[in-house]
Amino acid sequence: MSSAKKPKKMRTVGWRELVDLPELGLAGIPAKIDTGARTSSLHAEVIEDFERDGERFVRFAVDWGGVRQQCEAIHVDVRGITSSNGETQNRYVIKTPLKIGTLSFRAEISLADRSDMQFPILVGRSSLRRRFVVDSGHSWLQKDPGQDPMKGKHP
């Protein structure tokens, strides 16, 4: 008899999915699932970092679906993150709940200018690890049946 652990059953996501960031008040946002990126990334304009009750926070604006929303989150770090074009940028990193389908978990997300990108959120492999497998031939595998994936599409 083998004493090897049975692999955990993981959910399957497509190469793009709808995600929620409930603590930031953002829901149904189209995200690109990218196993080539380590860290997840959110399109945001950083407004300020500040301290409240001894904790570091960052205030930022998210433009999505024609609406600008002000958000605040605990500021975890400032890291050098290498973008897809090979440039390293110092970015604020926050930790906030991320929901894909019915699964919600805390994820580290860098704040970046993604205005030239098709998707306002990129979900990297650190967020996917031990939770999801990616089927690159499909999209929207985790969406609610009534959701329109491209509603409020990012410009």
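## Notebook: strands, a pocket and a few odd residues

I started with Asp77 and found that its bridge partner in S8 is Val93. I was working on a predicted model, where local features need pLDDT of at least 70 and side-chain atom pairs count only at pLDDT 80 or more, while totals for chains, interfaces and linings use all residues. Residues are numbered from 1 along each chain as its sequence is written, and side-chain values use heavy atoms, with hydrogens and water left out.

**Entry 1: overall layout**

I looked up the secondary structure and got one helix and 11 strands. Helices (H or I, at least four residues) and strands (E, at least two) are DSSP runs, numbered from the N terminus. Read from the N terminus, the order is β-β-β-β-β-β-β-β-β-β-α-β. I then checked confidence: the mean pLDDT, the predictor's confidence in each residue from 0 to 100, is 88 for the protein. A score of at least 70 is reached by 88% of the residues. Among the elements, strand S10 (residues 121-124) has the highest mean, 97, and S7 the lowest, 90. Of the 155 residues, 40% are buried; buried means under 20% relative accessible area, exposed over 50%, and partly exposed in between (1.4 Å probe, protein chains only).

**Entry 2: S8 and its neighbours**

Which strands pair with S8? I followed S8 (residues 88-100) and found strand S2 (residues 16-21) joined to it antiparallel by two bridges. Two bridges is also the cut-off, since strands pair if DSSP finds at least two between them. On the S2 side, Val19 stands opposite Ile100 of S8.

Strand S7 (residues 67-82) is also antiparallel to S8, with seven bridges. The two form a hairpin with five residues between them, and Gly86 in that turn has a positive phi of about 90°.

S8 and strand S9 (residues 103-112) are antiparallel too, over eight bridges. I noted two of the partners in S9: Arg106 for Pro97, and Leu103 for Ile100. That makes Ile100 a residue I met twice, once opposite Val19 and once with Leu103. The S8-S9 hairpin has two residues between its strands, and Gly101 takes a positive phi near 65° there.

**Entry 3: a parallel pair and His43**

S9 also runs parallel to S4, with four bridges between them. Here the S9 partner of Ser41 is Ser110. His43 belongs to strand S4 (residues 40-43), so I checked its surroundings, because at 10% relative accessible area His43 is buried. What does the side chain of His43 meet? One of its polar atoms lies 2.8 Å from the backbone nitrogen of Arg114, and for the backbone nitrogen of Ser115 the distance to a polar atom of the His43 side chain is 3.3 Å. A polar contact is a pair of N or O atoms within 3.5 Å; within protein, one must be able to donate a hydrogen and the other to accept it, and residues adjacent in sequence count only if both atoms are side-chain atoms.

**Entry 4: the largest pocket**

I searched for open space on a 1 Å grid over the protein atoms alone: a cavity is a set of points where a 1.4 Å probe fits but cannot get out, and a pocket is an open set with protein on both sides within 12 Å along at least five of seven lines; lining residues have an atom within 4 Å of a point. The largest pocket holds about 670 Å³, a volume being the space filled by probe spheres set on the points, which are joined across faces, edges and corners.

Its lining has 27 residues, and those nearest the centre are Thr82, Ser83, Ser84, Arg91 and Arg114. Strand S3 (26-34), S7, S8 and S9 each give two or more residues to the lining. S7 gives the most, with four. By class I have six nonpolar, 12 polar and nine charged residues; Ala, Val, Leu, Ile, Met, Phe, Trp, Tyr, Cys and Pro count as nonpolar, Asp, Glu, Lys and Arg as charged, and the others, Gly among them, as polar.

**Entry 5: two positive phi angles**

Most residues other than glycine have a negative phi. I flagged Asp53, where phi is near 50°, in the loop between strand S5 (45-52) and strand S6 (55-64). Trp140 is not a glycine either, and its phi is about 55°; it sits in the segment after strand S11 (132-135). Are they buried or exposed? Asp53 is exposed at 75% relative accessibility, whereas Trp140 is buried at 15%.
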